[in-house]
Amino acid sequence: MKKEFLDLGKQPIANKFLNKGEFNNEFLFDLKAVFDDETKLVSLKEFVAPEMMFNDEYAYHASMSDTMKTHFKSLSDRLQSEFNPVNVLEIGSNDGIFIRHFNPDTTIAVEPCGNFADMTNDMEYKTYPEFWTTKLSTLIKQEHGTMDLIYAANCICHIHDLDDTFTAVRNLLSEDGIFVFEDPSLLRMMERGSYDQLYDEHAHIFSVTALGNLLEKNGLEIFRVDNLSVHGGSNRIYAGLKSKRITELSVSTNLMDENNFGLDRFETYEVFSDRVKKSKKDLVSMLKSLKLEGKKVIAYGAASKATTVFNYCGIDKSLIAYITDTTPSKVGKYQPGTHIPIISPEEGFGDTVDVAYLGAWNFRTEIMNKEISYLSNGGKFITHVPEVMIFS
Ligand code: TYD
């Protein structure tokens, strides 16, 4: 049975950055989270139609971050040297940040956002501009044979029907093939109070516990888990066909950590929900005090996560003057829901800013290293993770 534990209010499509004339009739939905006490899966109560989120205007551009470029380069080196895959497929290939390290003759991309599918096609990778389904995997198998490596980053948690997703993977994997995928970790979200991992695209936030149950149901088995620091704490899951590989210690360690935290019990989620309410109160009162002191407060990074926080907390232009972001397609637009303007860091970040709310808190180290002169001139940042705080 699915039980609701969190209500983040009315929320927009987090990556649908708006032009000035688009504020009226913006699509909003009820962002609520539920826990399934059978599979232990945490999901959104109401899913948003995939075509509304993943289309030719999709804004999230993975290569905007040096951290992510290094992350995918070192992973592709590791996968190639350890597993030596020939046929490779990526589900949700975005701008090709991962597949660019693989041979275009034997590597296939699946990407429903046409703007990104065009980019990988231009890079000579056969790209299917479609959603991942069993129907598509059957077609790919007919055209290209089975795959030795199926990879997905920050994509599987977007897909509503996980049984179909995993069946599609199982059908297309070669006998010794591996399915490697990484998504935000439920345990890290719960430990860090980072409720902003929840937004329209994140239909599920995965625990290893829930994934083990769902993969097994569909003929797959986890044999390794890597805990990653990216995207605010993620897990990389390695799975193969059932009973094909020795299960490594990392699987039982992760399951034990999740069990010790109580991820299998509804009460844990009720405690989390109280923590989220407190986070909202603390953030709003901090921003109001700064405003009373006459400080110039902006936000750094128009991340989807910041969309969740600002819409949930009712934060608008009266508290945050604007948001800076390095992504060209976001600059000149407005944050969904709150309609706070987004400008480039060149235009909006510097010594006139007193305090910057860290929208991209998951890139804290990268940003702190980059903004040394802002910090040494007295600039400060705010984060809500793990608690609302101001720091310099
Ligand atoms: P990200 O955390 O990658 O994604 P999301 O929450 O949408 O999944 O988003 C980070 C945003 O922050 C992205 O739009 C790029 C921006 N950004 C900057 O503006 N400056 C920076 O130095 C970094 C690292 C990111």
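# Buried, cis, unpaired: why the labels fit

Student: Why is His339 called buried?

Tutor: This is a predicted model, and in it His339 has a relative accessibility of 16%. Buried means under 20%, so His339 gets the label.

Student: Where does His339 sit, and what makes its phi worth a remark?

Tutor: His339 is in the loop that runs between strand E13 (323–324) and E14. Its phi is near 65°, which is a positive value, and His339 is a residue other than glycine.

Student: Which other residue has a positive phi although it is not a glycine?

Tutor: Lys40 is one, with phi at about 75°. You'll find Lys40 in the loop between strand E2 (29–36) and strand E3 (42–44).

Student: Back to E14, then. Where is Ser344, and is it buried or exposed?

Tutor: Ser344 is in the loop linking strand E14 (342–343) to helix H11 (345–348). Its relative accessible area is 14%, and the limit for buried is under 20%, so Ser344 is buried.

Student: What is Ser344 in contact with?

Tutor: Skip the neighbours within four places in sequence, and you get Thr324, Asp325, Val331 and Phe349. To earn a place on that list, a residue needs heavy atoms within 4.5 Å of Ser344.

Student: What makes Leu358 count as buried?

Tutor: Leu358 has 0% relative accessibility. Since the cut-off is under 20%, Leu358 counts as buried. Leu358 belongs to strand E15 (residues 355–358). Not counting residues up to four places away in sequence, Leu358 touches Tyr300, Arg364, Ile367, Met368, Phe381, Ile382 and Phe391.

Student: And how far apart are Leu358 and Glu51, in sequence and in space?

Tutor: They are separated by 307 residues in sequence and by 29 Å from C-alpha to C-alpha.

Student: Why is Leu173 called buried?

Tutor: Leu173 comes out at 5% relative accessibility, and under 20% is what buried asks for, so that settles it for Leu173. Leu173 is in strand E8 (residues 173–184). Beyond the residues up to four places away in sequence, Leu173 touches Thr146, Met147, Ile150, Ile178, Phe179, Leu220 and Leu241. The C-alpha atoms of Leu173 and Gly145 are separated by 9.1 Å, with their positions 28 residues apart along the chain.

Student: Why is Glu216 called partly exposed?

Tutor: Its relative accessible area is 45%. Buried stops at under 20% and exposed starts at over 50%, so Glu216 ends up in between, partly exposed. Glu216 is in helix H7 (residues 208–217). Its C-alpha is 7.5 Å from that of Lys242, and the two residues are 26 apart in sequence.

Student: What makes the peptide bond from Val385 to Pro386 cis?

Tutor: Its omega is near 0°. Pro386 is in the loop between strand E16 (380–383) and strand E17 (389–391).

Student: How many disulfides does the structure hold, and how do you know that Cys155 is in no disulfide?

Tutor: The structure has 0 disulfides. For Cys155, the nearest cysteine sulfur is that of Cys157, 7.9 Å away. A disulfide needs the two sulfur atoms within 2.5 Å, so Cys155 is in no disulfide.

Student: Are Cys155 and Cys313 buried or exposed?

Tutor: The cut-off for buried is under 20%. Cys155 has a relative accessibility of 11%, so Cys155 counts as buried. Cys313 has 7%, so Cys313 counts as buried.

Student: Zooming out, how many helices and strands are there in the chain?

Tutor: There are 13 helices and 17 strands.

Student: And why is the chain called as compact as a globular protein of that length?

Tutor: The globule rule gives 21 Å for 392 residues, and the radius of gyration of the chain is 21 Å, close to that value, so the description holds. Along the principal axes, the C-alpha atoms fill a box of roughly 65 × 50 × 40 Å. Of the 392 residues, 57% count as buried. Residues 24 or more positions apart supply 68% of the contacts with a separation of 6 or more.

Student: What about surface and charge?

Tutor: The accessible surface is about 16,200 Å², and 50% of it belongs to carbon and sulfur atoms. The chain has 41 positive and 57 negative charges, and their mean positions are 5 Å apart.

Definitions and conventions
Residues are numbered from 1 along each chain as its sequence is written. This is a predicted model: local features need pLDDT of at least 70, side-chain atom pairs count only at pLDDT 80 or more; totals for chains, interfaces and linings use all residues. Side-chain values use heavy atoms; hydrogens and water are left out. Helices (H or I, at least four residues) and strands (E, at least two) are DSSP runs, numbered from the N terminus. The radius of gyration is taken over C-alpha atoms; the globule rule is 2.2 Å times the number of residues to the power 0.38. Buried means under 20% relative accessible area, exposed over 50%, partly exposed in between (1.4 Å probe, protein chains only). Accessible areas come from the Shrake-Rupley method with a 1.4 Å probe; for residues, only the protein chains shown count as cover. Lys and Arg count as positive and Asp and Glu as negative; His and the chain ends are not counted. The place of a charge is taken as NZ of Lys, CZ of Arg, CG of Asp or CD of Glu.
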